[in-house]
Amino acid sequence: MTRMHDDLIIRPAGPEDERELAVLNHAAWSVLSDVSPEPSVEGPVFDERRTSEQFLLAVLDGRLVGYVRQVPATALAVNAHVRQIQGLAVDGTVRGRGVGRRLVEAACDEARARGARKVSLRVLGWNTPARRLYESCGFVVEGLLAEEFLIDGSYVDDVWMARRLVDRADG
Ligand SMILES: CC(C)(COP(=O)(O)OP(=O)(O)OC[C@H]1O[C@@H](n2cnc3c(N)ncnc32)[C@H](O)[C@@H]1OP(=O)(O)O)[C@@H](O)C(=O)NCCC(=O)NCCS
């Protein structure tokens, strides 16, 4: 499979990207990765809590092919050193070519630039592509809520993963 690192642009999202993001979000939705209802192809994607500044986009030849959304893990000051990936998707036509990895790395770079020590996320136990991707980017399983969701008749684990951005020895 052809890699596309040189052609791929990772850039912050703006309000004008909402329409394309809604289409991608709709197309990428499935019970493999999502516990929320299928999103409308019309959007909206952004609201008061999900703002465009939280999104990084992967753009190939002017076309949106992926996004990652990253936010503070909570609003607590004592938790401010942790950021959380809450949304990642790559267009089905370009999967397996390194776009997801570039997005996860970009999200970690951004978290580090904002002073974070750790990036966390939650992934469904049966989402093997995403789990392998996160593992290959240095995330480890920190916890697991067994059979947390009942999806289409199957009980599915809620897996918590995290990657430290600094060595423990660094303080
Ligand atoms: C998960 C997802 C983002 C991966 O994006 P991608 O661009 O295909 O991933 P990459 O090509 O960067 O793959 C990086 C690594 O992830 C792993 N990986 C990716 N797809 C995989 C698959 N289908 N099976 C097993 N491992 C896979 C591999 O380790 C791969 O490294 P390698 O190519 O060196 O073997 C994509 O499949 C997707 O959008 N899925 C639907 C939404 C989703 O699951 N989001 C995550 C919610 S927590």
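**Ligand shell, sheet and local backbone features**

In this predicted model, the shell around the ligand draws at least two residues from each of three elements, namely S4, helix H2 (99-113) and helix H3 (128-136). Among these contributors, H3 provides the largest share of the shell, with six residues. The ligand is surrounded by 20 residues, of which Ser-33, Arg-95, Gly-100, Arg-132 and Leu-133 come nearest. In terms of residue character, the shell is made up of nine nonpolar, seven polar and four charged residues.

The strands of the model are considered next. Strands of a sheet pair through backbone hydrogen bonds, and the pairing may be either parallel or antiparallel. Here, seven strands form an open sheet of mixed pairing, in which the order is S1-S2-S3-S4-S5-S7-S6. The edges are occupied by strand S1 (9-12) and by S6, each of which has a single partner strand, so that one side of each is left without a neighbour in the sheet. When direction is ignored, neighbouring strands of this sheet are turned against each other by 25° on average.

Two of the helices that contribute to the ligand shell also pack on this sheet. H2 touches S1, S2, S3, S4, strand S5 (118-124) and strand S7 (154-164), and its direction makes about 35° with that of S3. H3, which likewise packs on the sheet, touches S5 and S7, and the direction of H3 makes about 160° with that of S5.

Individual pairings can be followed from the S1 edge into the sheet. S1 and S2 run antiparallel and are joined by four bridges, and Pro-12 stands opposite Leu-56 in S2. The antiparallel pairing of S2 with S3 extends over six bridges, with Gly-66 in S3 as the bridge partner of Ala-58. S3 and S4 are also paired in the antiparallel sense, over six bridges, and in this part of the sheet Gln-70 stands opposite Ile-85 in S4.

A residue of H2 illustrates how that helix meets the strands. Glu-110 is found in helix H2 and counts as partly exposed, because 18 C-beta neighbours lie inside 10 Å. When its neighbours within four places in sequence are left aside, Glu-110 is in contact with Leu-56 and Gln-70, so that residues already named in the strand pairings, Leu-56 opposite Pro-12 and Gln-70 opposite Ile-85, reappear in the surroundings of this helix residue. The C-alpha atoms of Glu-110 and Gln-70 are separated by 8.8 Å, although the two residues are 40 residues apart along the chain.

Helix H1 (18-28) has three buried residues, Leu-21, Leu-24 and Asn-25. These residues cover an arc of only 100° around the axis, which puts them on the same side of H1. The elements that cover the buried residues of H1 include S3 and strand S4 (82-90).The backbone also shows several local features that stand apart from the general pattern, in which most residues other than glycine have a negative phi and most peptide bonds are trans. The peptide bond from Gly-43 to Pro-44 is cis, with omega near 0°, and Pro-44 lies in the loop between helix H1 and strand S2 (55-60). Asp-61, although not a glycine, has a positive phi of about 50° and lies in the loop between S2 and strand S3 (63-72). This loop belongs to the hairpin of S2 and S3, which has two residues between the strands. Asp-61 is exposed, because 9 other C-beta atoms lie within 10 Å, a count that falls under the limit of 12 or fewer for an exposed residue.

A positive phi of about 50° is also found at Glu-147, which is not a glycine. Unlike Asp-61, which lies in a loop, Glu-147 is found in strand S6 (residues 140-151), a strand that stands at an edge of the sheet. Glu-147 counts as exposed, because it has 12 C-beta neighbours inside 10 Å. When residues up to four places away in sequence are not counted, Glu-147 touches Tyr-155 and Asp-157. Glu-147 and Trp-29, which are 118 residues apart in sequence, lie 21 Å apart in space from C-alpha to C-alpha.

Note on methods: Residues are numbered from 1 along each chain as its sequence is written. This is a predicted model: local features need pLDDT of at least 70, side-chain atom pairs count only at pLDDT 80 or more; totals for chains, interfaces and linings use all residues. A residue is buried if 20 or more other C-beta atoms lie within 10 Å of its own, exposed if 12 or fewer, and partly exposed in between; C-beta atoms are placed from the backbone. The arc is that of the directions from the helix axis to the C-beta atoms. Two residues are in contact if their C-beta atoms, placed from the backbone, lie within 7 Å. A residue is near a molecule or strand if its C-beta atom, placed from the backbone, lies within 6 Å of it. Ala, Val, Leu, Ile, Met, Phe, Trp, Tyr, Cys and Pro count as nonpolar, Asp, Glu, Lys and Arg as charged, and the others, Gly among them, as polar. Two strands pair if DSSP finds at least two bridges between them. Axes are lines fitted to C-alpha atoms, for helices over the stretch in contact, and angles run from 0 to 180 degrees between N-to-C directions.
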